[in-house]
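Please work through the following exercises on cysteine bonding and aromatic contacts. Each task is followed by a worked solution.

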Amino acid sequence: MLLRLNSGQPLPLLLLLGPLGAFCPGVLAGPTPTEDPAELDFSTEQPVHLVSPAFLSFTIDANLATDPRFLTFLGSSKLRTLARGLSPAYLRFGGTKTDFLIFDPKKEPSIEERSYWQSQFNQDICQSGFIPPDIEKRLQLEWPFQEQLLLREQYYKMFKNSTYSRSSVDILYTFASCSGLDLIFGLNALLRTADLQWNSSNAQLLLDYCSSKGYNISWELGNEPNSFQKKAGIFIDGLQLGEDFIKLHKLLEKSVFKNAKLYGPDVGQPRGKTVKMLRNFLKAGGEVIDSVTWHHYYLNGRTATKEDFLNPDVLDTFILTVQKIFQVVRKTRPHKKVWLGETSSAFAGGAPLLSNTFAAGFMWLDKLGLSARMGIEVVMRQVFFGAGNYHLVDENFEPLPDYWLSFLFKKLVGTKVFKASVKGQARSKLRVYLHCANTNHSRYKDGDLTLYALNLHNVTKHLQLPHYLFDKEVDKYVVKPSGPDGLFSQSVQLNDKTLKMVDDQTLPTLIEKPLSPGSPLSLPAFSYGFFVIRNARVAACL
């Protein structure tokens, strides 16, 4: 997606920060409300949908390979520890730069890549892999300048082709494999013959190399083909794109990748000509893909405000876009699964001082809840690590609030999805979602439920479980911002204790707060949380 140029069109500081009164930690809770707890209504007779165990997945933007030296970051043991914490998941290597990257099997690795591989010699790379300290320090010093180059390229839509080597592919695959992730690799769809047919020769070189290494990879072709005209001055319609995917599918069938998955077309949001492109693509080539992929962002990161991030009407705009996608798919390829192939809070690389703070969590958690409830099987978060403001992990390999939210979701939320609502109220500012609990967690078992909820009110809200669950014990996991920055904080508290890594190889244990049976479930102002209902004995979860 487009990334923000830091020097271009900055938001006015007062507009961005706004009045902070209600958003500072000292006043987050507000006065204790006198109203009765809001009653919850659950429909647990049967799940409305079943999502993938890799439902919450994420991306590495292909622009990280613009200068392949920076792919060496993926050798960081700390980065791998953080990625492993979100397994099982898909790792999508894609983005705008997908269509400007060319594989060169004869290209020599950079000095940084070579030093990394030499440091792994005769070692189990997944157990003892690390970046040589001098290399890591040098790359981290140079990264801000490289990031600015990427932002400028994106801002002006002036993209240049770059080449990547066998070493680049190896580093990417090793990162995915050692982190327990399934790699999805985006191929360049802008390589064209004179008559605008897809030129598959470079893809064939990459397939041959990956085959020789025994790599297990799934594939995509192109990124947001609806914007090829703007990015490269080339117009490709949906019918042609469908033929291109058929051609790729035939290549895969003739290789060791004959059973590999193929996803696409990774179109942007369903507006105007994009809907027509998706419809024609599915008619022409939809048969060969395993899931339909599309992208979504709520806002423009250059103009988004704090108020936008907390506005339930903005959150609700996602519903209509999902409905539009499903309308097209059901009319053309009704049995195809739908994936959200790239998504975050705001395009243009995210909103500065917002997309990488606690405030972004409401959009992220609500999107996960709505996606699951509406039948999207996989959601891929842009990005795990990289340029811009919407990453899960920052440039110093420190986890940001949306990382911890994702970590909690992975540990507590299962794959079976139910309907849940707040009785007698518009769902607007108090939003609830319900799944079976994740029984991979040692504390929870078949039949347990996980409720997750967002409170966008400026006072504490209390939720009351349905009467048939009154006698159940509940484990509370409430997330609030940590430190003096309030909603703009880049760290979080879980049940009033700041979350942080134990060390570079160890993620913290998530400590629950048990509630006695019949207690209301309390959510402070502008917070979100998970509530695991133990011994619920819900038949559909058994």
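The exercises below concern a predicted model.

**Exercise 1.** Determine how many disulfides the model contains and which cysteines form them.

Solution. A disulfide requires two cysteine sulfur atoms within 2.5 Å. The sulfur atoms of C126 and C178 are 2.0 Å apart, and this pair therefore qualifies. C436 and C541 are likewise joined, with an S to S distance of 2.0 Å. The count comes to two disulfides. When the bonded cysteines are numbered in sequence order, the pairing reads 1-2, 3-4.

**Exercise 2.** Characterise the disulfide between C126 and C178 by its handedness, its location and the burial of its two cysteines.

Solution. The torsion about the S-S bond of C126 and C178 is about -75 degrees, so this disulfide is left-handed. C126 belongs to helix α4 (residues 125-128) and C178 to helix α6 (residues 166-178); the bond thus links distant parts of the chain, 52 residues apart. For burial, the cut-off is a relative accessible area under 20%. C178, at 8%, is buried, whereas C126, at 30%, is partly exposed.

**Exercise 3.** Repeat the analysis for the disulfide between C436 and C541.

Solution. About the S-S bond of C436 and C541 the torsion is about -90 degrees, so the disulfide is left-handed. C436 is in strand β14 (residues 430-437), and C541 is in the segment after β22 (527-533), so the bond ties together parts that are 105 residues apart in sequence. C436 is buried, with a relative accessible area of 5%; C541 is also buried, at 8%.

**Exercise 4.** Explain why C210 is not bonded to C178.

Solution. The closest cysteine sulfur to that of C210 is in C178, at 16 Å, which is too far for a bond. C210 is itself buried, with a relative accessible area of 1%.

**Exercise 5.** Classify the ring pair of F73 and F397 and state what the pair connects.

Solution. An aromatic pair is described by the distance of the ring centres and the angle of the planes. The structure holds 37 aromatic pairs. For F73 and F397 the centres are 5.7 Å apart and the planes stand at 80 degrees, so the pair is edge-to-face. F73 lies in the loop between β3 (56-61) and α2 (77-84), and F397 in the loop between β12 (378-381) and α14 (401-412), so the pair ties together parts that are 324 residues apart in sequence. Both F73 and F397 are buried.

**Exercise 6.** Identify the residues linked with F93 into a cluster by ring pairs, and the residue that lies over the face of W364.

Solution. Ring pairs link F93 with F103, Y164, F185, Y209, W219 and F257 into a cluster. R381 lies over the face of W364, at 5.1 Å from the ring centre.

Definitions and conventions:
Residues are numbered from 1 along each chain as its sequence is written. This is a predicted model: local features need pLDDT of at least 70, side-chain atom pairs count only at pLDDT 80 or more; totals for chains, interfaces and linings use all residues. Side-chain values use heavy atoms; hydrogens and water are left out. Rings of Phe, Tyr and Trp (its six-membered ring) pair if their centres lie within 6.5 Å; planes under 30 degrees apart count as stacked, over 60 as edge-to-face and the rest as tilted. Helices (H or I, at least four residues) and strands (E, at least two) are DSSP runs, numbered from the N terminus. Buried means under 20% relative accessible area, exposed over 50%, partly exposed in between (1.4 Å probe, protein chains only). A charge sits over a ring if NZ of Lys or CZ of Arg is within 6 Å of the ring centre and within 35 degrees of the ring normal.
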